[in-house]
Amino acid sequence: MKVRVAVIGTGNMGLHHIRNLYHNPNVDLVGVVDVDEERIKQAQKLFSVEGFKDYRELLGKVDAVSIVTPTSTHYEIAKFFLENHVNVLLEKPITQEICDAEMLIEISEKTGSRLAIGHIERFNPVMTELKQLLNGKKPVFIDIHRESPFDPRIFDTDVISDLMIHDIDLIFYLLNEPVQVISAQAVCVHSDRNDLVNAQLISRSGVLISIMTSRATEQKIRSWRIIMPEKLIEADLLERKLYLTRRTSVGVDLFQTGFDHKYTQEQITAKVLVANHEPLQMEINDFIKSIQTGGAPKSGGTEGLQALKIVKEIQKATTGVSKSWESQEQELNITI
């Protein structure tokens with residue numbers, strides 16, 4: 001039996017949800033919801049669906065909803081549907097406040113409604129291969145870069161909640177252990193919120209982690225560099241490429257030049273084959289499967305909450321780095 005679903009929010013990301021649900025053979029896309037009537041019309045030009053201005057009109061018509069609205073609205077909308085036994089796929093971050101996230105999890109458990117959080121990078125095929133490569137082994141160091149140009153449409157959150165949260169969630173996904181924040185530095189570039197942040201974390205087993213996240217870079221970068229005791233793993237989440245470099249047991253002669261020296265290769269780099277799946281499609285498939293089978297979604301409320309807690313810790317750490325040079329000089333008794 002098909003799952004009746006509606007999408008709430010028809011912005012850029014909302015349209016991607018609509019497209020994937022519309023073409024999913026296990027889904028009956030009931031409609032779309034937006035307070036902006038023009039946006040509803042734009043969505044209806046692309047897909048033959050009913051439009052609603054108030055999400056409450058969906059009650060009794062849907063088994064599940066996909067909520068793709070500003071973070072400030074997540075708690076209110078998700079709470080309404082979970083309390084009414086409707087399954088929820090909620091875009092990240094789960095909520096603005098930790099107490100609200102905890103409440104949604106509690107309601108979900110009480111009503112038995114599925115609560116999935118849109119940590120889409122868990123479904124990136126590069127990460128699927130990377131988790132298999134690690135196979136439970138712990139790295140020594142992880143260096144992460146997630147950089148993008150500034151997007152003025154993102155107005156209600158900083159770069160930590162908007163972009164860095166993806167990599168925070170992936171750290172939990174790959175390491176499967178708690179992490180804590182050591183330090184963080186932030187800069188406002190194009191807005192009055194943090195646009196560029198560098199954070200240092202450490203896992204319970206001692207894995208050192210550096211995350212540099214920017215929405216002030218005129219190039220999209222999604223790279224992970226993982227140092228293992230015996231190998232280096234490099235992942236490009238954007239191009240979906242994965243490389244593994246190992247030291248060889250002996251130097252391999254590549255070619256002779258006829259002179260007194262020769263060229264050797266002491267490391268071998270292999271390119272790991274990665275499947276070409278669309279992460280959002282895989283995320284939605286996982287959500288629908290959890291409804292049909294009664295299983296837990298791959299990224300649920302608990303995963304959303306643990307990522308949010310680290311986001312809050314990093315945000316707290318960045319508030320102490322904007323002292324004026326004058327105040328710092330006075331504290332250190334420096335004269336310039």
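This passage describes helix H8 and a selection of salt bridges in a predicted model.

Helix H8 comprises 18 residues, running from 301 to 318, and at 1.5 Å a residue these should span 26 Å; the end C-alpha atoms are 26 Å apart, so the expected and computed spans agree. Buried positions in H8 are Gly301, Gly304, Leu305, Ala307, Leu308, Ile310, Val311, Ile314, Gln315 and Thr318. The cover over these buried residues includes two helices, H4 (98–111) and H6 (159–175), together with strands S6 (115–118), S8 (179–187) and S9 (196–203).

Side chains of opposite charge can pair when their charged atoms come close, and the structure holds 17 salt bridges. One of them joins Asp34 to Arg39, with an N to O distance of 4.0 Å; Asp34 is buried at a relative accessible area of 9%, whereas Arg39, at 42% relative accessibility, counts as partly exposed. A salt bridge is also formed between Glu234 and Arg225, whose closest N and O atoms lie 3.9 Å apart. In this pair Glu234 is partly exposed, with a relative accessibility of 30%, and Arg225 is likewise partly exposed, at 38%.

The side chains of Glu230 and Lys231 meet in a further salt bridge, for which the N to O distance is 3.2 Å. Here Glu230 counts as partly exposed at 37% relative accessibility, while Lys231 has a relative accessible area of 9% and is therefore buried, the limit for that class being under 20%. Elsewhere, Asp54, Arg56 and Glu76 are joined into one network by salt bridges that share partners.

Definitions and conventions
Residues numbered from 1 in each chain as written. Predicted model: local features only at pLDDT ≥ 70, side-chain atom pairs only at ≥ 80, totals over all residues. Heavy atoms only, no water. Helix = DSSP H or I, 4+ residues; strand = E, 2+ residues; numbered from the N terminus. Expected span 1.5 Å × (residues − 1). Buried < 20%, exposed > 50% of the residue type's maximum accessible area, 1.4 Å probe, protein only. Contact = heavy atoms within 4.5 Å.
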